[in-house]
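Biologist: I should like to go through this structure with you and hear the reasoning behind each label you attach to it. Please show me the sequence and the model before we begin.

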Amino acid sequence: MAIWNAEYESMPQEKLRELQLRRLQATVSWVYDRVPYYKGALAAAGVRPKDIKTLADVARLPFTDKATMRDTYPFGLFAVPLDDVVRIHSSSGTTGKPIVVGYTKGDIATWTELTARVASAAGVGRADRAQMAFGYGMFTGGFGMHYGLERCGATVIPASAGNTERHLMMMQDFDTTVLVSTPSYALYMAEVGQKIGVDFASLPLRLGLFGAEPCSEAARKEIEEKLHIRVTDNYGLSEVMGPGVSGECECQCGLHINEDHFLCEIVDPATGEVLPSGAAGELVITPLTKEAFPVLRYRTHDITRIHCDPCECGRTLARMEKVRQRTDDMLIIRGVNIFPSQIEDVLFKIEQIRPHYLIVVDRKHGMDDIEVRIEVAEEVFSDIMADMQAFIRHVAERLHAVIGLNVKVTLVEPGTIERTAGKAKRVLDNREGC
Ligand code: DLL
């Protein structure tokens with residue numbers, strides 16, 4: 001498959017670093033001159049635009065986090081007058097006001113180019129019919145991917161999120177070849193499809209362009225088997241653009257970062273120190289070409305690794321590993337640190353367990369309790385009681401072996417755990433306010 005923009009996606013690394021430096025210098029000047037917040041933050045850090053002489057100098061710049069964006073709500077970080085902003089999106093977050101991000105005409109053109117790269121790297125082309133299951137609202141997923149897919153020449157079916165049976169009908173009637181959604185929604189579609197008798201093997205559907213939430217290798221395999229497609233992962237976040245930051249090529253071995261537009265660092269989440277190349281840590285992103293909403297060193301909270309090994313596809317862009325954990329996902333239960341992804345990895349290896357689960361954390365009499373609710377295949381329910389209890393014990397032991405805690409395992413009927421058309425909610429922490 002041809003590379004969408006070979007000039008940039010296959011640029012020799014040395015030239016790419018030079019380009020990044022020029023763009024970083026321009027971005028620092030841009031925010032210094034136009035965003036009072038950044039003028040103050042740079043002054044407080046003792047840095048002026050002319051001090052940025054090498055790419056390593058990025059470490060001298062102040063971080064930006066969600067709190068800064070909330071404090072400047074709604075337009076305080078915008079670097080252009082609203083008259084020059086042609087679109088806004090927002091990210092809902094879990095508490096308080098949303099974060100508002102803006103795009104100039106130029107930003108939309110860049111975004112379109114980058115989502116086209118992501119779609120094309122995954123294997124989308126003119127002959128495809130791409131069915132959109134991301135919402136077309138304030139969420140960046142729908143509009144962001146839509147423009148890139150159109151740019152690739154694909155026929156976009158803008159079905160939006162929800163109404164699963166309608167999605168399945170269109171998928172069959174319009175000969176959809178590409179599904180664009182979260183991986184959890186794709187799994188739900190597979191489940192509903194199976195229930196109403198859709199024969200995925202006989203459909204032209206061949207490719208999944210999935211993102212917006214973690215997708216483990218086990219989930220990837222399961223979706224590939226159930227929908228009879230190849231699954232690719234792409235990553236992004238509203239605060240730096242939306243989808244289009246990085247995406248897998250057909251080699252499926254890491255997500256190529258659009259480094260000519262994003263300077264990425266990996267830092268120690270506790271200290272903020274920049275970690276050496278190849279180390280796992282928190283991804284920090286500085287967009288290099290944003291006009292309306294430029295951001296310096298955004299703390300994503302997403303944990304990954306970046307490496308620059310050559311890829312068989314011919315792209316020279318560095319690759320990031322799939323994101324499985326966020327620093328703020330970590331649950332501390334009776335002093336033990338646990339990531340939901342560790343629990344998921346155990347569950348997905350047990351054949352009778354369906355890919356729908358909920359982790360419930362409670363505090364009773366000052367003690368933390370963790371319960372994992374799982375949906376299991378019908379036959380587990382019809383087993384005799386003793387077998388069911390042995391199954392529960394088996395799951396609890398496997399969880400204990402990995403996370404080192406006694407977990408209450410509860411079996412629930414298939415279909416009882418809430419499905420969403422967007423990002424799956426896997427954790428219910430009832431301890432807040434305890
Ligand atoms: O989820 C943007 C997006 C839309 C990306 C569609 C890809 C496809 P937000 O709603 O701001 O933006 O959420 C961003 O979602 O910090 C990650 O924690 C998570 N995330 C996004 N993509 C992935 C992925 C969009 N491929 C937050 N794997 C990010 C794991 C992801 N997590």
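The conversation below takes up the whole chain, then the ligand site, and then several individual residues.

Modeller: Please bear in mind throughout that this is a predicted model.

Biologist: Why does the radius of gyration of the protein chain agree with that of a compact globule?

Modeller: For 434 residues the globule rule gives a value near 22 Å, and the protein chain has 23 Å, so the two agree. Along the principal axes, the C-alpha atoms fill a box of roughly 75 × 55 × 40 Å. The chain contains 12 helices and 21 strands.

Biologist: How much of the protein chain is buried, and which atoms supply its exposed area?

Modeller: Buried residues account for 54% of the 434. The chain exposes about 18,900 Å², and carbon and sulfur atoms supply 52% of that area. As for contacts with a separation of 6 or more, 66% join residues 24 or more positions apart.

Biologist: Let us turn to the ligand. Which residues come nearest to the ligand?

Modeller: The ligand has 20 residues around it, and D233, N234, S238, D302 and K423 come nearest. By class, this shell has 8 nonpolar, 6 polar and 6 charged residues. Helix α6 (140–151) and strand β7 (230–237) each supply at least two of the shell residues, and β7 gives the most, with 5.

Biologist: What makes the approach of S238 to the ligand a polar contact?

Modeller: The cut-off is 3.5 Å between N or O atoms. An oxygen atom of the ligand is 2.5 Å from an N or O atom in the side chain of S238, so this pair qualifies as a polar contact. The side chain of R326 also has an N or O atom 3.1 Å from a ligand oxygen. With A212, a polar backbone atom is 3.1 Å from a nitrogen atom of the ligand. Taken alone, the ligand exposes 610 Å², of which the protein buries 92%.

Biologist: A212 interests me. Why is A212 called partly exposed?

Modeller: The partly exposed class lies between 20% and 50% relative accessible area. A212 has 28%, and therefore belongs to that class. A212 is located in the loop between β6 (207–211) and α9 (217–227).

Biologist: What is notable about phi in A212?

Modeller: Phi of A212 is near 80 degrees, a positive value in a residue other than glycine. Most residues other than glycine have a negative phi. H228 is another non-glycine residue with a positive phi, of about 60 degrees. H228 is placed in the loop between α9 and β7, and its relative accessible area of 44% makes it partly exposed.

Biologist: Where is the cis peptide bond?

Modeller: The bond from Y73 to P74 is cis, with omega near -5 degrees. P74 has its place in the loop between α4 and β1 (87–91). Most peptide bonds are trans.

Biologist: How do you know that T64 is buried?

Modeller: Buried means under 20% relative accessible area. T64 has 0%, so it counts as buried. T64 is found in the loop between α3 (36–45) and α4 (66–71). Its side chain reaches the backbone oxygen of L296 at 2.6 Å. Beyond its neighbours up to four places away in sequence, T64 touches Y38, M69, V295, L296, R297, Y298 and R299.

Biologist: Is E371 buried or exposed?

Modeller: E371 has a relative accessible area of 13%, and because the limit for buried is 20%, E371 is buried. E371 lies in strand β19 (residues 367–376), and its side chain makes a polar contact with the side chain of T410 at 2.7 Å. Among the residues in contact with E371 are L358, I359, V360, V407 and K408.

Biologist: What makes Q352 partly exposed?

Modeller: Its relative accessible area is 32%, which places Q352 in the partly exposed class. Q352 lies in the loop between α10 (340–348) and β18 (353–364). Leaving aside neighbours within four places in sequence, Q352 is in contact with E375, V376, A377, V380 and F391. From C-alpha to C-alpha, Q352 and P49 are 58 Å apart in space, and they are 303 residues apart in sequence.

Definitions and conventions. Residues numbered from 1 in each chain as written. Predicted model: local features only at pLDDT ≥ 70, side-chain atom pairs only at ≥ 80, totals over all residues. Heavy atoms only, no water. Near = heavy atom within 4 Å. Polar contact = N/O pair within 3.5 Å; in protein donor to acceptor, adjacent residues only side chain to side chain. Areas by Shrake-Rupley, 256 points an atom, 1.4 Å probe, with all protein chains shown as cover. Helix = DSSP H or I, 4+ residues; strand = E, 2+ residues; numbered from the N terminus. Nonpolar A, V, L, I, M, F, W, Y, C, P; charged D, E, K, R; others polar. Rg over C-alpha atoms; globule rule 2.2 N^0.38 Å. Buried < 20%, exposed > 50% of the residue type's maximum accessible area, 1.4 Å probe, protein only. Contact = heavy atoms within 4.5 Å.
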